[in-house]
Amino acid sequence: MSFLLSVLLSVLVSILGGLYLLGAFRRRRPGEPPLDRGPIPWLGHVLDFRRDTAKFLQKMKEKHGDMFTVQLAGFYFHFLMDPLSFGTVVKEARTKLDFTKFAQQLVARVFGYHPLDDDHKLLQASSNKYLMGDGLVVMTQAMMSNLQNLMLHSVGTAKDENEWKEDGLFNFSYNIVFRAGYLALFGNEPVKSAGSLEKAKEKDRIQSDELFYEFRKYDKLFPKLAYGVLPPKEKMEAERLKRLFSSILSVQNVNQKENISGWISEQQQERAENGMKESMLDRYMFLHAIGVIS
């Protein structure tokens, strides 16, 4: 009997210890925003968060104000709903708020990308070179050229003269800017392989539209993916989309294009020279596309 009691006590202590390490008994600390652990131990609010993220956050805002902490699948996340308060938060010392560490954890979880030690320095140097001064002029010209291809290709043609297409302003703007940005950065279909300039432009329009269609699926899944609360079916879809984008934006495919941005090609080259494997470079290109184009 005493042996059984000892076993039961050991199991109970283990369970309580595990719950403690997972934050099940966490309380609001001095200076922290309101804490809402949710109705389900450990899972917290994860079901409501999955069901409708925007509605859930609005409900929490009405309940707790612009700043609050919620539990999602064993993790605690702080939410700041007032954009005018961002400046105060980001000015905190790195000992209190380390964005670099958080960013590395996020890209590893979402993209499977593990940066080099000098990753940020390489990005900063390349950005200064190609996104400022003369480099920015070249990038702007490429963007304008692709915008014209996407928006003006049917203007004045007899076929489309009386055909109108309707869409919401956000969807239209998102579509056009995403596709033009993708083409400006990752290049255009080679004229030689397409057969003519017009066929190459048409292929750019078709391929960029197909990519945008798939990206919108990923974009809708991204918040849940970032917080690690995707249900199994959506997680499988997210993995499929990540493989698709990594293939489309792979070093091998991108290097077959014309007019690739120097910003992209130089970062590929520098990371390859620093020993990064091609598979990790492919993931970096996907990460870069998401971060810049969207």
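This passage walks through the salt bridges, nonpolar cores, strands and a few loop residues of a predicted model.

Some ground rules come before the details. Because the model is predicted, local features need pLDDT of at least 70 and side-chain atom pairs count only at pLDDT 80 or more, while totals for chains, interfaces and linings use all residues. Residues are numbered from 1 along each chain as its sequence is written, and side-chain values use heavy atoms, with hydrogens and water left out.

Charged pairs make a handy starting point. Side chains of opposite charge can pair when their charged atoms come close. Here the structure holds 15 salt bridges, a salt bridge being a side-chain nitrogen of Lys or Arg within 4 Å of a carboxyl oxygen of Asp or Glu. One of them links Arg-271 to Asp-119, with the closest N and O atoms 3.2 Å apart. Arg-271 sits in helix H13 (residues 262-273) and Asp-119 in helix H6 (residues 119-130), so this pair ties together parts that are 152 residues apart in sequence. Helices (H or I, at least four residues) and strands (E, at least two) are DSSP runs, numbered from the N terminus. Both partners are tucked away: Arg-271 is buried at a relative accessible area of 0%, and Asp-119 is buried at 12%. For these labels, buried means under 20% relative accessible area, exposed over 50%, and partly exposed in between (1.4 Å probe, protein chains only).

A second salt bridge joins Lys-203 and Glu-189, whose closest N and O atoms are 3.5 Å apart. Lys-203 belongs to helix H10 (residues 197-227) and Glu-189 to the loop between helix H8 (169-186) and helix H9 (191-194), so the pair ties together parts that are 14 residues apart in sequence. Lys-203 is partly exposed, at 36% relative accessibility, whereas Glu-189 is buried, at 11%. A third pair stays within one helix: Asp-219 bridges to Arg-216 with the closest N and O atoms 3.4 Å apart, and both lie in H10, 3 residues apart, about one turn of the helix. Asp-219 is partly exposed, with a relative accessible area of 27%. Elsewhere, salt bridges that share partners join Glu-214, Lys-217, Glu-237 and Arg-240 into one network.

Next come the nonpolar residues. A nonpolar core is a set of buried Ala, Val, Leu, Ile, Met, Phe, Trp, Tyr and Cys residues joined through side-chain atoms within 4.5 Å. The largest one has 41 residues, and Phe-111, Tyr-113, Phe-186 and Tyr-218 have the most contacts inside it. Many helices chip in: helix H5 (99-111), helix H7 (133-152), H8, H10, helix H11 (232-248), helix H12 (251-254), H13 and helix H14 (278-293) each supply at least two residues of this core. Leaving out residues up to four places away in sequence, Tyr-113 touches a list of residues including Met-276, Met-280, Tyr-284 and Leu-287; contact here means heavy atoms within 4.5 Å. Tyr-113 also touches Asp-119 and Arg-271, the two partners of the salt bridge between H6 and H13. Apart from the largest core lies another, of 12 residues, among them Phe-56, Ala-73, Phe-77 and Val-229.

Ala-73 leads to the strands. Two strands pair if DSSP finds at least two bridges between them. Strand E1 (residues 35-36) pairs with strand E2 in the parallel sense over 2 bridges, with Asp-36 opposite Val-70 in E2. E2 (residues 67-72) is mostly covered, with 5 of its 6 residues buried. On to strand E3 (residues 75-80): E2 and E3 run antiparallel and are joined by 6 bridges, one partnership being Leu-72 with Phe-75 in E3. The two form a hairpin with 2 residues between them. In that turn, Ala-73 has a positive phi of about 50° although it is not a glycine, and it is buried at 13%.

Two asparagines round off the picture. Asn-188, in the loop between H8 and H9, is buried, with a relative accessible area of 11%. Its side chain makes a polar contact with the side chain of Asn-146 at 2.9 Å (a pair of N or O atoms within 3.5 Å; within protein, one must be able to donate a hydrogen and the other to accept it, and residues adjacent in sequence count only if both atoms are side-chain atoms). Setting aside neighbours within four places in sequence, the contacts of Asn-188 include Asp-204, Lys-257 and Asn-259. Asn-259 lies in the loop between H12 and H13 and is exposed, at 56% relative accessibility. Asn-259 has a positive phi of about 60° although it is not a glycine.
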